[in-house]
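Subject: Structure handover

Hello,

Please find the structure below. My notes on what was found in it follow, with each term explained where it comes up.

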Amino acid sequence: MTQETTAPPVRRKVTDTLIAISWLTLLGVMFGGYSLLRLLTEIAIDAHAEQFFRAGHAHAGILTAIGILYVMSANRAGLSDRATIISFLVYFTGMGLLSGGFFVHMALGSPGKSSLGTSVMAPVGSVLLATAIVYLTFRLFRRRS
């Protein structure tokens, strides 16, 4: 007789909630794709705006999808509910700042010059993402031993 291993109900509820948040965020990214399509086909935007909209949209999409894997990996690493929530919030905030930095630069920046998006938001977002990823990786390796 095999014993089935499942996460405790509260643990699963936190994991499921954070995964659901990631899926809902993906809907926003999908709307962004539709917005980009409209901008390219119905409204004339310059090359600078197009370049940074595409970059922000691509980063938001892939990082949102990876956010789902992040929560699943946090569960595998045996993080507590609190650690899972905090590390996901760090990841999610980093994702928003990094992607948002491209959009802010698109709106406020100009070609060849830095802006709030490129000099503050994207670097801070990158540091937060790296912090969350290094923490999760450390916990995954630690779980193995």
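An axis here is a line fitted to C-alpha atoms, for helices over the stretch in contact, and angles run from 0 to 180 degrees between N-to-C directions. Helices (H or I, at least four residues) and strands (E, at least two) are DSSP runs, numbered from the N terminus.

Before the findings, a word on the source. This is a predicted model, in which local features need pLDDT of at least 70 and side-chain atom pairs count only at pLDDT 80 or more, while totals for chains, interfaces and linings use all residues. Residues are numbered from 1 along each chain as its sequence is written, and side-chain values use heavy atoms, with hydrogens and water left out.

Overall layout

The protein has four helices and zero strands, so its elements, read from the N terminus, run α-α-α-α. Its C-alpha atoms fill a box of roughly 65 × 30 × 20 Å, taken along the principal axes. Of the 145 residues in the protein, 34% are buried; buried means under 20% relative accessible area, exposed means over 50%, and partly exposed is in between (1.4 Å probe, protein chains only).Helices α2 and α3

Two packed helices are described by the angle between their axes and the distance between the axes. The axes of helix α2 (residues 47-76) and helix α3 (residues 81-108) come within 7 Å and cross at roughly 170°. That makes α2 roughly antiparallel to α3 (angles under 35 degrees count as roughly parallel, over 145 as roughly antiparallel, 65 to 115 as roughly perpendicular and the rest as oblique). In the contact of α2 with α3, the residues divide into 17 nonpolar, ten polar and no charged. For this count, Ala, Val, Leu, Ile, Met, Phe, Trp, Tyr, Cys and Pro are nonpolar, Asp, Glu, Lys and Arg are charged, and the others, Gly among them, are polar.

Aromatic pairs

How many aromatic pairs does a search of the whole structure find? The search finds five. Rings of Phe, Tyr and Trp (its six-membered ring) pair if their centres lie within 6.5 Å; planes under 30 degrees apart count as stacked, over 60 as edge-to-face and the rest as tilted. One of the pairs joins phenylalanine 52 and phenylalanine 102, whose ring centres are 6.3 Å apart with planes at 35°, so the pair is tilted. Phenylalanine 52 lies in helix α2 and phenylalanine 102 in helix α3, so the pair ties together parts that are 50 residues apart in sequence. Both phenylalanine 52 and phenylalanine 102 are buried.

Salt bridges

A search of the whole structure finds two salt bridges, a salt bridge being a side-chain nitrogen of Lys or Arg within 4 Å of a carboxyl oxygen of Asp or Glu. One is formed by the side chains of arginine 38 and glutamate 42, at 3.1 Å from N to O. Arginine 38 is partly exposed at 33% relative accessibility, whereas glutamate 42 is exposed at 55%.

The side chains of arginine 54 and glutamate 50 also meet in a salt bridge, at 3.0 Å from N to O. Both of these residues lie in helix α2, four residues apart, which is about one turn of the helix. Arginine 54 is partly exposed, with a relative accessible area of 41%, and glutamate 50 is partly exposed too, with 24%.

Single residues

Aspartate 46 sits in the loop between α1 (9-41) and α2. At 47% relative accessibility, aspartate 46 counts as partly exposed. A polar atom of its side chain lies 2.7 Å from the backbone nitrogen of alanine 49. Such a pair is a polar contact: two N or O atoms within 3.5 Å, where within protein one must be able to donate a hydrogen and the other to accept it, and residues adjacent in sequence count only if both atoms are side-chain atoms. The C-alpha atoms of aspartate 46 and methionine 106 are separated by 9.9 Å, with their positions 60 residues apart along the chain.

Threonine 131 belongs to helix α4 (residues 116-144). Is threonine 131 buried or partly exposed? Threonine 131 counts as partly exposed, at 45% relative accessibility. Its side chain reaches the backbone oxygen of valine 127 at 2.7 Å. Threonine 131 and glycine 94 are 37 residues apart along the chain, and their C-alpha atoms are separated by 9.2 Å.

Glycine 125 is also found in helix α4. At 0% relative accessibility, glycine 125 counts as buried. The C-alpha atoms of glycine 125 and tyrosine 91 are separated by 8.6 Å, and the two residues are 34 apart along the chain.

Aspartate 16 lies in helix α1 and is partly exposed, with a relative accessible area of 44%. From its C-alpha atom to that of isoleucine 133, 117 residues away along the chain, the separation is 20 Å.

Regards
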